[in-house]
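Reader: I'd like a close look at the enclosed spaces in this one, and at a sheet in chain A if you have time. Here is what I have on screen.

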Amino acid sequence: MKSIEEVMRLDKEQLSASVKTIEEKWKLLPAFLKVKGLVKQHIDSFNYFINVELKKIMKANDKVTSDADPNFYLKYLNIYVGMPDVEEGFNITKPITPHECRLRDMTYSAPITVDVEYTRGSQRIIRNNLPIGRMPIMLRSSNCVLTGKSPAEMAKLNECPMDPGGYFIVRGTEKVILIQEQLSKNRMIVDIDSKGNIECSVTSSTHEKKTKTYVIVKHEKYYLKHNSFSEDLPVAIVFKAMGIECDQEIVQMVGGEEDMLAAMAPCLEECHRAQVFTQNQALKYIWSKIRTRSLWGQKKSKTDEAREVLHNLVLAHVPVPQWNFKIKATYMALMIRRVILAQTGRIHVDDSDYYGNKRLELAGQLLSLLFEDLFKKFNAELKKIADMTIPKPRAAQFDIVRQMRQDQITNGLVNAISTGNWTIKRFKMERAGVTQVLSRLSYISALGMMTRINSQFEKTRKVSGPRSLQPSQWGLLCPSDTPEGEACGLVKNLALMTHITTDQDEAPLIRLAMNLGVEDIQLLSGEELSSLQVYIVFLNGNILGVIRNYKRLVNTFRLLRRAGYISEFVSIFPNHAHRCVYIAADGGRVCRPYIIVQKRRPFVTSKHIEELSQGFRSFEDFLREGLVEYLDVNEENDCMIALYEADITGDTTHLEIEPFTILGVCAGLIPYPHHNQSPRITYQCAMGKQAMGTIGLNQRNRIDTLMYLLAYPHAPLVKSKTIELINFDKLPAGQNATVAVMSFSAYDIEDALILNKASLDRGFGRCLVYHKQTVTVKRYANQTFDKLMGAKLDETTSKPKWAYQLLEFDGIVAPGDCVENRQVLVNKSMPTVTIAPLPSAPGQSREPQYKEVPIMYKGPVPSYVEKVLLTSNPDEAFLIKILLRQTRRPEIGDKFSSRHGQKGVCGLIVPQQDMPFTDQGICPDIIMNPHGYPSRMTVGKLMELLGGKAGVLEGKFHYGTAFGGDRIEDLSEVLVRNGFNYLGKDFVTSGITGEPEEAYIYFGPIYYQKLKHMVLDKMHARAKGPRAILTRQPTEGRARDGGLRLGEMERDCLIGYGASMLLLERLMISSDAFEVDVCGQCGLIGYSGWCKYCESSKEVSTLKMPYACKLLFQELQSMNIIPRLSLKKYNEL
Amino acid sequence: MESIDEIRERVTITEFGVTNVHSSDFPGNYEGYDDAWDQKKFEKKFKVEIIKLQGDELEFDMIGVDAAIANAFRRILLAEVPSMAVEKVHVYNNTSIIQDEVLAHRLGLVPIRADPRLFEYKQPGQDDEGTEQDTLELHLKVRCTKNVKAQDTTDPNQMYVNHKVLTKQMEWIPKGNQVNLGNIGPVHDDILLAKLRPGQEIDVRMFCVKGIGKDHAKFSPVATATYRLLPEIKLLREIEGESAERLQKCFSPGVIGLLHNKHTGSKQAYVADARRDTCSREVFRHDDLKNAVKLTRVRDHFIYDMSMWKSPYYDSSCPPD
């Protein structure tokens, strides 16, 4: 504190001056993204897994022994993951590029090798670099060939330098392991259960076990609830079992306050009533409540077994050094204390939606769970083999290394990633949908997928809590980017600057904390824990000890972190209600960087930024010098963060880098989003992913099942900082269309758009659609194989038949050909018998029989063959990929959208001469109905138009960055300077009458996206066509050329109207009418005028019924139910 | 109050919209006016003045006709005046990054210098190559190679030969008697058609036919043809001093002039050239000035502005009169 005189002596102006704004501090962002990249979370996590975690897993499971031979052992010394390669022939490998994997349907993976020491007979052998399996490699991770490559080198590898990486290529498809959100592990959560009682729960998670322990309230007594006990255990008994036998000690641990004593009294009483006084008695009591006792293994005593359960399963993450349960008992006491405090209202129950209580699980963590499981299985298998083989007398000595099979780990990893089914035996975890195919519809859709967060919460539940936007998500998750409907609010997206932490080593932190005055919990009695003078210190959810001067601890910790002595991702914060200091160094916390402020002065100054833009400084320098630091959600709550420099007060500790970074990648594309109604931003976030344009610089080298490209993509005229940061201006998806906001011809109602025909002639909205056809030419088990045949000839002219016209001599179409519906792309023949061995009777030819399976092109519009790829896939089969291309110009019904969630279909295409024009002779490309504005309130779109118009006039790009962007006044100024109206409204003449329009028309460029929904892919009608075999009714769906169903509601209308003959026609005659011969005597169905049952044709008459009805009768008959039809002559009714 | 003459002859520009947009001078609509068609009256009133004819730019005034007639000229220019353009492209080889269809589309949009009056419309049902009466044939064959001489450079212009395919590489192949037609080919030499890299090649034959803009915009002989009405500005009171300068700024440069008023010694605004005004209506933003001016446009004075991207007419025979 300054003395008053000192303050008086200060210059008055200096005191009252507001903090100067730091010029262009947004430049920290590109620096941040340069270091971190857009998908650095994934890559960091994967790097941590293969470089650190893998070795830890190996160390934890490093020994394989055998029951058969006590001298036998196999010990892993080290484990490595190599660089991605492919095996070509016998033991020859060559490095492989990701693109080759995509094209050849292979897995981009690297060998996992180990160094081992083992015994062969009596020999001890060390072997190095033994492969145990293959690890799929994440693109741009430390083991990927792409890391550290320049754009030119990337181009040589057929890779787009703008591609973010962070995904896997498994069997030729790009797979993303989505970020999974879950409640943090090893933390006490006080909550209210379904009955309204307060409970405290902890999900313990260690490498071995994952269990959940509760402290619950029942009849005003406290119980310990755990899955492995058939009944809830009174806490006092558990304390006694843990060696806290003295009642006074138990109460002391929970707390010495009056109400604590009162609350604990019934518990102690219950313990006495249960006749439990000693540890032995308590353990026996607990043993009797164990749900499943261990059945096999060594026989243990009751007390040992109970103790083991307490040790391993109850609060599994709390360490029990040398069977000393002190810490675990303290932990449990604290849980009880929290429940009591919550009951008396002294602390609030925890909010499980609060983002500080969430952890994000990334590819690395998920893979490490999976790998550990597979590695354990691998070792168990080795042990089994050893157990079986060693006792047998054999000529050669048993060599365990020969038994190591690679495919188990390889297939385990590959299958999990390619199906998304994560099955982890030891946690009994089964999760589906963990991975998804990377959507390559547009660059944005691929990027958006990499930042997506999947919540573990069930989608069906109708609670709003987990779905709604939490204030604690500020800056970490995009507030707008979430899907609509089912998954709304459960699927989220990361904001631009979010970083996800990886695990940090705990040991140095413990040492540091102890050195800073934390008193070890082991040395303290229970009473001292609840003392008002101390704060309890936690590290990653475990009690470390107590501290008297918590402020000093927190401050010193932060100082050391800023100085770089401890990792920048360790967070420390006090919780005054809990009287605790939490230190967190675990992985999966979300955090983001802030500028540090002290004494009203931000540490980052314009000078630093200047150095940054000159390239003398990187983001890491800012971190290292303690100018900028990462804060996680919990630590943010202990800080005062100013949004702008002007908001800085004496209490301010941090300054936001740039406000627009609270938005994510998809929302960042929108110009002036802060002027739009919030749901519109959400709509655009969903639609930006459907916009076609460019998907990567290597798009023409890709062979995807479906790819949409724009013939002439534009960079948007109104940009945002985000657009530049994510390179959307280099890989754009849309075109700058000149838009007139006016009504025209009534073909523009309900958001329909009017397009200018001349614009379409000149290439507006023109797109290319690519399709893939894959053919494999296989070799089968019985030595037969597929064949490619040449064109089939017409018998009379001996020229190729029309369908086969395009085939070359190799039986495949050639690039450049135009293929029409039902023409053959590849003329493949397949042997009829592929499994059974061929008959090898003497004299009989061994020539197998073939059936033709030509691959035909299907589609209403012809396609061109872009390229044909002939290669082999990893199963050594011949692989043919044919890329087909269509060029489409917009037509009526195609869907377009601006960047403001305003979608519409093309309603009419108008020739240019009918279009309105301005004094300069400018015709709009698009006419949009003004009714789209008032209810949607997309003011940002109006501003985008002004920005675009001003930009066009002066030949520059304007900015529409969120919470910033170019000011409207400035844009108007530009318009006026160029002789336009300041509002952007132009004098327009009608192209039809030639007379001026009575209103001034809002006129200018808006960035329009063409969406993937096009009428050509949807149009469908049928007069007659295929029928389903079973029911003989028309097939269903466009793909099968199906009929259009007259549904039950339509049927109801016809009934109501009384159009019975129409009903009959629609439902039977046009569908599945069938003539049956029914016997009037027995009522059964006969045939050809003959009743088989009555052996007569006397009463048989022919009538029409739906085939489905006849089918029903026959099905009933097969179930021993006889449906009989009773017939009457129509004139006898 | 507006006089009837003003309603008949002027379109009024107000702050929030345009009034009197429709022509109302049909016979019998106004008492005391004889609006019946009269050839002599029309001949006296009708005038076409060419203001500017420079390169492909043409500006002319058409005075004394109804908007419907004026618009008809504009529409015909856009949609119904024929010109030659590439219609069919035979791709013999295209290993460039541009897809065949997109390349063909680009070639179609290249303006071709040829007088369409010398050609027939191609009849449907004929083969692509056409006859000498209705089809022009062009050839484009470019192959990109490495420039062996270039060293230590990253400039593609030096590293490669033919890495840019330009319209000047399009070669006209005269059919039969077409040799006598003179200089036929793309109007501009420097339109970029595609970019190539060593080893890539484009080998196409193009067939140009006569067509009209209604069918496809590439046949339209004009880049655009448009007209505007002649603006007219009336100052309703004398405007002097600072407000005169402000008024000058409200209009396009040269519209409002400033005179030195000898009596008051300050500057006085006068309308110098209303034709230059772009009708930005900036003056309505000034509350004190907005009632001092009246903005109108002359209903029957059309200022045509067109740029001819294929200009075959004027450079051969069509005189500027």
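How many cavities of 30 Å³ or more does the count come to? And could you walk me through what lines the main ones?

Author: Keep in mind as we go that this is a predicted model. The count comes to nine cavities of 30 Å³ or more.

Let's start with the largest cavity, which has a volume of about 100 Å³. Its lining is made up of 13 residues. If you want to find the spot on screen, go to Ala758(A), Gln912(A), Gln913(A), Gly213(B) and Ala217(B), the lining residues that lie nearest the centre of the largest cavity. Two helices each give at least two residues to that lining: H24 (757-761) of chain A and H3 (67-79) of chain B. H24(A) has the largest share, with three residues. Sorted by class, the lining of the largest cavity comes out as five nonpolar, four polar and four charged residues.

Next is the second largest cavity, at about 80 Å³. This one is lined by 13 residues too, and to get to its centre you'd look for Gln920(A), Phe980(A), Asp986(A), Phe987(A) and Thr278(B), which lie nearest. Here the classes split into three nonpolar, six polar and four charged residues.

Now for the sheet. In chain A, four strands form an open sheet in the order S1-S2-S5-S6, and the pairing is antiparallel. At the edges sit S1 (63-65) and S6 (123-136) of chain A, each of which pairs on one side only. On average, neighbouring strands of this sheet are turned by 25 degrees against each other, ignoring direction.

Zoom in on the S1 edge and you'll find three bridges joining S1(A) to S2(A), residues 73-81, with the two strands running antiparallel. A handy landmark there is Thr65(A), which stands opposite Tyr73(A) in S2(A).

Two helices of chain A lie across strands of this sheet. Helix H4(A), residues 40-60, lies across S2 and S6 of chain A and runs at about 170 degrees to S2(A). Helix H13(A), residues 363-389, lies across S1, S2, S5 (109-120) and S6 of chain A. The angle between H13(A) and S2(A) is about 145 degrees.

Definitions and conventions
Residues are numbered from 1 along each chain as its sequence is written. Chains are lettered from A and ligands numbered from 1 in the order in which they are written. This is a predicted model: local features need pLDDT of at least 70, side-chain atom pairs count only at pLDDT 80 or more; totals for chains, interfaces and linings use all residues. Side-chain values use heavy atoms; hydrogens and water are left out. On a 1 Å grid over the protein atoms alone, a cavity is a set of points where a 1.4 Å probe fits but cannot get out, and a pocket is an open set with protein on both sides within 12 Å along at least five of seven lines; lining residues have an atom within 4 Å of a point. Grid points are joined across faces, edges and corners, and a volume is the space filled by probe spheres set on the points. Ala, Val, Leu, Ile, Met, Phe, Trp, Tyr, Cys and Pro count as nonpolar, Asp, Glu, Lys and Arg as charged, and the others, Gly among them, as polar. Two strands pair if DSSP finds at least two bridges between them. Axes are lines fitted to C-alpha atoms, for helices over the stretch in contact, and angles run from 0 to 180 degrees between N-to-C directions. Contact means heavy atoms within 4.5 Å.
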